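Please look over the chain shown here. The briefing below covers its burial, its sheet, its helices and its charged pair.

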Amino acid sequence: MITESLYLGTAKMARLLGYSKDYLLRNRGVLFFEGIHYFPKERRTDWKVTVMIDWVENNHLSSQAQEVLDRVS
């Protein structure tokens, strides 16, 4: 049985990772992508804990993020 949440709201995810919730929200579509990192709901955004921890620990850009950065560079 899983006792820890697989998804967290923006404020809780920000606290867990040590980033501001504004940073997470500003980087949707840039570093974090819908259906991978987060899943929007009617009144909240659910962030996938395992994927976000992997992002912090590996400090790498997804291929989607790299494509966005390449287009604006």
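**Briefing**

In helix α3, the residues V49, M52 and W55 are buried (under 20% relative accessible area, with exposed meaning over 50% and partly exposed in between; 1.4 Å probe, protein chains only). Seen down the axis of α3, the buried residues fall within an arc of 125°, so they line one face of the helix; the arc is that of the directions from the helix axis to the C-beta atoms. The model is predicted: local features need pLDDT of at least 70 and side-chain atom pairs count only at pLDDT 80 or more, while totals for chains, interfaces and linings use all residues. Residues are numbered from 1 along each chain as its sequence is written, and side-chain values use heavy atoms, with hydrogens and water left out.

**Overall make-up**

- The chain has four helices and three strands, where helices (H or I, at least four residues) and strands (E, at least two) are DSSP runs numbered from the N terminus.
- Read from the N terminus, the order of elements is β-α-α-β-β-α-α.
- The chain has 73 residues, of which 29% count as buried.
- About 5300 Å² of the chain is exposed, and carbon and sulfur atoms supply 50% of that area; accessible areas come from the Shrake-Rupley method with a 1.4 Å probe, and for residues only the protein chains shown count as cover.
- Among contacts (heavy atoms within 4.5 Å) with a separation of 6 or more, 52% are between residues 24 or more positions apart.

**The sheet**

- The three strands make an open sheet in the order β1-β3-β2, with antiparallel pairing; two strands pair if DSSP finds at least two bridges between them.
- β1 (7-8) and β2 (38-40) stand at the edges with a single partner strand each, so one side of each has no neighbour in the sheet.
- Two bridges pair β1 with β3 (residues 45-48) in the antiparallel sense.
- Within this pairing, Y7 has K48 of β3 as its bridge partner, and L8 stands opposite W47 in β3.
- β2 and β3 run antiparallel and are joined by three bridges, and they form a hairpin with four residues between them.
- On the β2 side, the bridge partner of Y38 is W47 in β3.

**Helix α3 and V49**

- Helix α3 (residues 49-58) lies across β1 and β3 and runs at about 60° to β3; axes are lines fitted to C-alpha atoms, for helices over the stretch in contact, and angles run from 0 to 180 degrees between N-to-C directions.
- The buried residues of α3 pack against β1, α1, α2 and β3.
- V49 lies in this helix and is buried at a relative accessible area of 12%.
- Apart from neighbours within four places in sequence, V49 is in contact with S5, L6, Y7, L8, M13 and L16.
- One of these residues, L16, is 33 residues from V49 along the chain, and their C-alpha atoms are separated by 9.1 Å.

**Helix α1**

- Helix α1 (residues 10-17) has T10, M13, A14 and L17 as its buried residues.
- Those residues cover an arc of only 100° around the axis, which puts them on the same side of α1.
- An α-helix has 3.6 residues a turn, so residues three or four places apart point the same way.
- The exposed residues K12 and R15 are on the face of α1 turned away from its buried side.
- Cover for the buried residues of α1 includes β1, α2 (21-26), β3 and α3.
- G18, just after α1, takes a positive phi of about 85°.

**A buried loop residue**

- H37 lies in the loop between α2 and β2 and counts as buried, at 5% relative accessibility.
- Leaving aside neighbours within four places in sequence, the contacts of H37 are L31, F32, D46, W47, K48, V51 and M52.

**The charged pair**

- Side chains of opposite charge can pair when their charged atoms come close.
- The count is one salt bridge, defined as a side-chain nitrogen of Lys or Arg within 4 Å of a carboxyl oxygen of Asp or Glu.
- R44 forms a salt bridge with D46, and the closest N and O atoms are 2.5 Å apart.
- R44 is partly exposed, with a relative accessible area of 44%, whereas D46 is buried at 12% relative accessibility.
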